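Trainee: Could you pick one spot and take me through it closely, then work outwards until I can place it in the whole thing? I'm at home at the bench, less so with models, so please spell out the reasoning as you go.

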Amino acid sequence: MAENAKKFVARFGLPRVIIVGFFLLLVVCAGAFQMDLLQIFSDCIRRWGMYGILALAMVPAIQCGIGPNFGITMGIVGGLLGGLIVIEYRVTENAALLALGTQLLGEENGPFLAKWAAVLLAILIGVILATGIGWLYGLLLNRVKGSEMTVTTYVGFSIIAFMNIIWTVIPFKSGELIFPNAGQGMRNTISLASSFSEVMNKTLAFRIGPEGHCLTIPTGLLLFFFLVCFLVWLFMRSKTGVAMSAAGANPAFARASGINVNRMRLIGTTLSTVLAAVGILVYAQGFGFMQLYNGPMMMGFTSVAAVLIGGASPNRAAIFHVLLGTFLFQGIMALGLPVANQFIPESNLSEVMRLIISNGIIIYSLTQTQGGGSRG
Amino acid sequence: MDKNKNLHKLTAWIFEQKVVLIFVFLSIGALIASKQSMAFVAGELFTRVARNSFLVLSLIIPVLAGLGLNFGIVVGAMAAQIALFLTTFWGLSGIGGFLVTVALATPLAVFFGFLVGSLFNKIKGAEMIGGLVLGYFADGLYQLLFLFIFGGVIPFRNPDGSPSSLMTPTGVGVKNTLDLTPTVKYALDTVSMLSIVEIAFYIVIAATVLSAVFRLVKKQAVDWKKTGLTILGAAVVYALTFIPAIETFLAADRLMLLRAVEIAVLVTVLWQAGRFVWFALVKKAEFDKKRCLAVILAAGILYALTYVDAIYRVLIAVRLPVMTYLCIGALCLFNQALMRTRLGQNMRTVGQSRVVANAAGIDVDRTRIIAMIFSTVLASWGQLIYLQNIGTLATYGAHTQVGQFAIASLLVGGASVQKATNKQAILGVVLFHTLFIVAPLAGKELFGNAMIGEYFRVFISYGVIAMALAMHAWKKKAPKASLQVVEGGTSPSPKASA
C-alpha cells in the first residue's frame with residue numbers, strides 16, 4: 001500500500017499532491033463552515049474559463065523551447081488595445097447590429113449579437129496586433145537563447161511600463177475610457193458594462209438548482225475556452241506543431257533533421273503572444289472590467305504558475321496541464337477567499353496565499369530542472 | 001596614423017560606455033527641461049545618494065562571484081524591516097536604537113542569506129529569475145508574518161494589556177505605515193562629527209594599546225616609537241576638538257557641502273605637497289612630479305569654482321549627513337579590500353568559471369553561499385540606512401522595489417551582469433536618481449502631465465534591466481549553443497551537435 005502511494009506521488013508529483021490535498025482541505029473547510037458550496041463551485045468554474053486561455057498561452061511557448069513565457073504581457077497589451085478600440089467606436093451600440101440581433105434572437109436576447117460582434121472584433125484586432133508584437137518578440141528571444149526567462153520577465157515588465165506612458169497620451173475620446181473631469185489619459189479600470197461584459201459567460205448559461213442557491217454553468221465561456229484549446233491541440237498535432245515540439249525538445253537533433261529551429265521558436269512565441277491577447281479579452285469580459293496600467297503586470301506569473309501546478313515543467317507542457325492546473329489554482333483562489341474570511345474577516349489572506357503558492361511552485365520547478373551540481 | 005588610432009580608441013570608449021553616456025544626456029536633458037534650480041536638484045540628489053548608495057553597493061559581491069544581479073536583496077531588506085519593527089515596538093530610539101536594530105537584523109540576514117545562497121546553488125544558471133521569483137515568494141511569507149502572525153500568534157501588547165499602537169485596531173496585523181520620527185529617524189544621519197572623532201579616537205587608542213599588549217604577551221618586539229606616535233597623534237587630534245571654534249564646527253550634525261569641498265581641497269593639496277616634499281626632496285626617489293602638480297592644480301581650480309555665484313549657491317544649500325557618507329565610503333573600501341583577500345579571489349575565480357574553480361580546489365557552493373550572505377547582510381544594513389533617512393516604514397511596501405531600483409542604478413552606471421565596480425555603483429546612483437528627481441517635473445513642463453515623467457522613469461528602470469539582461473544573453477549565446485546537446489540529454493547521436 002505504501003509502495004503504491006509512493007509510486008503515485010512520484011508519478012503525480014509532490015507539489016500536485018500537496019495542492020490537490022490543499023484544495024480538498026479547503027472544500028472540507030467550506031463545507032464545515034456551511035458555506036454555499038454550489039455558489040463557490042460556480043465561481044471556480046467561472047474563473048477556470050476566465051484564466052484558462054492565458055495559461056494556455058504557455059503551451060506553445062514551452063513546447064517551442066523558449067520556456068515559461070513570463071512576457072505574455074506583450075500579447076496582453078495587444079488584446080487591451082483591441083478592446084479599447086471596440087469601445088471607442090461603440091460597436092455594441094451599432095444600430096444595424098442591434099436590429100439584426102433583435103430580428104434573429106428576439107427582443108430579449110437582441111444585444112447578444114452586437115456584444116459577440118464586439119468581443120470577436122476586439123479579439124481579431126488583438127490577434128493582429130499580437131502577431132506583429134509576437135514576431136518581433138520572437139526575433140529578440142532567438143538572440144538570447146538560454147536566458148529566456150529573465151529576458152521575458154523584464155521585457156514583459158518594460159512593455160507594461162511603456163504602455164503606461166501610452167495610456168496617458170493615447171487620443172481616445174469615449175467617456176467610458178478617459179478619466180472624467182477633464183483628466184488626462186485613460187482610466188485605470190474600464191467598465192465593460194455597456195460593451196461586452198460577460199457576453200460569453202451569459203451565452204447559453206444555465207443553472208442547476210433553485211435561484212440564489214445554485215450551480216451556474218457559463219456554457220458560452222467554457223465552449224469558447226475548449227474551442228481554443230482544441231484549436232491549439234490540433235495545431236500541436238499538425239506538421240508544424242510536431243516540428244515545433246521537436247525543436248523545443250532537442251534543438252540540435254531537430255536542426256539535423258532539417259527543421260528550422262529559429263523559425264519554429266518564432267512561430268511558438270508568436271502563437272503564445274496571440275493566445276495571450278485572446279486570453280486577456282476573455283478574462284476581461286468575464287471580469288466585467290479591463291485593467292490598464294499596472295493591472296496586468298503579474299499576469300505572466302499567474303499563468304506560468306497555473307501550468308506548472310498542472311504538471312508542466314519548464315521544458316514540457318500539454319493542454320491537459322493547462323486544464324488541470326488552471327482549475328486547481330483558480331479553485332484554490334475561489335475557495336480560499338471565503339474560507340480565509342471565516343478565520344480572519346476582511347483579511348487579504350487569500351492574496352498572501354496566492355503569492356506564496358504561485359511563486360513557490362515556480363521556484364520548485366526551477367530547482368527541478370536547473371540542477372547543476374557543486375562541480376559547476 | 002596616430003590620429004586614426006586615437007579616433008579608434010575614442011569610438012571604442014564611447015561604445016563601451018554607451019549606457020552611461022545615454023543616461024548622462026538623458027539626465028542633462030531632463031534637468032534642463034524641468035526648469036528646476038540647481039540648488040534644489042543638488043540637495044535632493046545628495047539626500048538620495050546617501051539613502052540609496054549602500055543598497056546598490058551591496059550588489060557588487062554577488063556579481064563578482066558569478067551570481068549575477070542579486071534580485072534576492074529584497075530578502076535582506078525584509079530582515080531589516082523585521083528587526084526595525086521589533087525595536088520600534090520596544091521603543092528604542094536614537095543611534096543606540098539604530099545600532100540595536102542593526103545587531104538584530106544582522107543574524108536574521110545571515111540566516112536568510114544562507115537560505116537564498118543554498119537555493120541559488122540548486123538553480124545554477126537561473127539565479128536572476130530565481131531571485132526575482134524568490135522576492136515575490138518571500139513577500140508572501142513576509143505578509144503572512146506581519147499581517148497574521150504578529151498579533152495573531154505572537155501578541156504585541158502594551159504593558160497594560162491593550163494592543164500596541166503599532167498594530168491595527170483589531171490587534172492582529174501591523175499597521176500600513178509606522179512613523180519612525182520618535183525613534184530612529186535620522187539616527188545615523190545626525191551623528192555629529194564631534195562624536196565621530198571621539199569614537200575614532202577611542203578606537204585608535206584601544207587598537208594600538210591592545211596590539212602592543214598582544215605583542216608583549218606573545219613576546220614579540222614592540223615598535224614603541226610607532227605606538228607612542230600613533231597615540232600622540234590621536235591625542236593631538238582629539239585635543240584639537242576642544243578648541244571652541246573647532247568644537248562648534250564639528251558639533252553640527254550635517255556638513256555644509258561648501259565646507260566639505262574646502263576640506264577635500266585642503267586635504268588633497270596637503271597630501272600631494274607632503275608627498276612632493278617627502279619623495280622629491282627628502283628621499284630623492286623617482287617621483288611623478290607632473291601628476292602631483294596636476295592634481296594640486298585641479299584642486300585649485302575646483303576651489304576657484306566655488307566662487308562662481310551659481311555653484312556657490314548650490315554649495316551653501318546642500319548639507320551632507322557625514323556618518324552616512326562615511327558608511328558608504330567604508331563599504332567601498334570593504335568591497336575593494338575583500339577582493340584582495342583569499343576569499344575574494346576565490347569568489348572571482350568562481351565567478352569566472354565554476355569548473356576551473358572546482359578544479360583548483362575551491363568549494364564552489366560554499367563560496368557562493370558566503371557571497372550571498374555578505375550581500376544579504378549588507379542589503380539589510382542598506383535598507384536600515386534608507387529607512388532611517390525616510391523616517392517612515394511602509395510596512396508592506398518599503399521592500400518591494402528595493403531590488404528593482406538598486407539593480408537599475410547599478411546598470412545605469414555601466415555595470416553588467418558579470419562586471420561591477422564601486423565607481424559604477426556610485427555613478428549609477430547619481431545618474432539614476434537625477435533622472436528620478438527631474439523626470440516628473442520635466443514631464444510636467446514638456447507635456448503638461450507629471451504622470452508621463454513618472455511613468456517614463458519607471459519604464460527606464462525596467463527597460464535598462466531588460467536591455468542589460470538581453471545584451472548579456474546575446475553575448476554569451478555563442479559558446480552556449482554547443483552545450484545545448486548535452487543539456488537536452490536525449491540526443492540520439494553525437495553527430496547531431498555539428
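**A close look at one loop residue, and outwards from there**

Mentor: Let's start with A:Glu198, which counts as partly exposed because 19 other C-beta atoms sit inside 10 Å of its own. The buried class begins at 20 neighbours and the exposed class ends at 12, so a count of 19 falls in between. Keep in mind that this is a predicted model.

Now the backbone. The phi angle of A:Glu198 is near 60°, a positive value in a residue that isn't glycine. As for where that happens, A:Glu198 belongs to the loop that runs from strand 1 (189–191) to helix 9 (199–202) of chain A.

Follow the chain past helix 9 and you come to another loop, the one between helix 9 and strand 2 (206–208) of chain A, where A:Leu204 is found. A:Leu204 has 12 C-beta neighbours inside 10 Å, so this leucine is classed as exposed. Leaving out residues up to four places away in sequence, A:Leu204 touches A:Thr219 and A:Gly220. To get a sense of scale, go from A:Leu204 to A:Leu337: that's 133 residues along the sequence and 28 Å through space, C-alpha to C-alpha.

Chain B has a residue to set beside our glutamate. B:Lys35 isn't a glycine either, and its phi is positive, about 55°. The lysine lies in the loop between helix 2 (18–34) and helix 3 (38–57) of chain B. With 11 C-beta neighbours inside 10 Å, B:Lys35 counts as exposed. Elsewhere in chain B, the loop between helix 8 (193–217) and helix 9 (224–240) holds B:Ala221. That alanine is exposed too, since 7 other C-beta atoms lie within 10 Å. B:Ala221 and B:Ala450 are 229 residues apart in sequence, and their C-alpha atoms are 69 Å apart.

So much for the loops; what about the inside? Nonpolar side chains in soluble globular proteins tend to be buried together. In this model the largest nonpolar core has 239 residues, and the members touching the most others are A:Leu54, A:Ala57, A:Met58, B:Leu59, B:Ala79, B:Leu411 and B:Ile465. Helix 13 (residues 261–287) of chain A gives this core its largest share, 15 residues. Take A:Ala57 as a sample: beyond the residues up to four places away in sequence, it touches A:Asn69, A:Ile72, A:Gly75, A:Ser272, A:Leu275, A:Ala276, A:Gly279 and A:Ser303. There's also a second, separate core of six residues, with B:Ala42, B:Phe46, B:Ala50 and B:Val318 among them.

Now zoom out to chain A, the home of A:Glu198. Chain A has 16 helices and four strands. Its radius of gyration is 22 Å, close to the 21 Å the globule rule gives for 376 residues, so chain A is as compact as a globular protein of that length. The C-alpha trace spans about 70 × 55 × 40 Å along its principal axes, and 51% of the 376 residues count as buried. Take the contacts in chain A between residues at least 6 apart in sequence: 74% of them join residues at least 24 apart.

Chain B has 21 helices and four strands. Its radius of gyration is 26 Å, which agrees with the value near 23 Å for a compact globule of 498 residues. The C-alpha trace of chain B spans about 85 × 75 × 70 Å, and 39% of its residues count as buried.

One helix pair in chain B is worth a look. The axes of helix 14 (residues 322–340) and helix 15 (residues 342–352) of chain B come within 4 Å and cross at roughly 80°. Helix 14 and helix 15 of chain B are therefore roughly perpendicular to each other. Where they meet, B:Leu338, B:Met339 and B:Arg340 come from helix 14, while B:Leu343, B:Gly344 and B:Arg348 come from helix 15. By class, that contact has three nonpolar, one polar and two charged residues.

Last stop, the place where the two chains meet. Here 53 residues of chain B are in contact with 43 residues of chain A. Helix 20 of chain B provides the largest share of the chain B side, 17 residues. That side divides into 34 nonpolar, twelve polar and seven charged residues.

Definitions and conventions
Residues numbered from 1 in each chain as written. Chains lettered and ligands numbered in written order. Contact = placed C-beta atoms within 7 Å. Helix = DSSP H or I, 4+ residues; strand = E, 2+ residues; numbered from the N terminus. Nonpolar A, V, L, I, M, F, W, Y, C, P; charged D, E, K, R; others polar. Axes fitted to C-alpha atoms, helices over the stretch in contact; angles between N-to-C directions. Parallel < 35°, antiparallel > 145°, perpendicular 65-115°, else oblique. Rg over C-alpha atoms; globule rule 2.2 N^0.38 Å. Core = buried A, V, L, I, M, F, W, Y, C linked by C-beta atoms within 7 Å.
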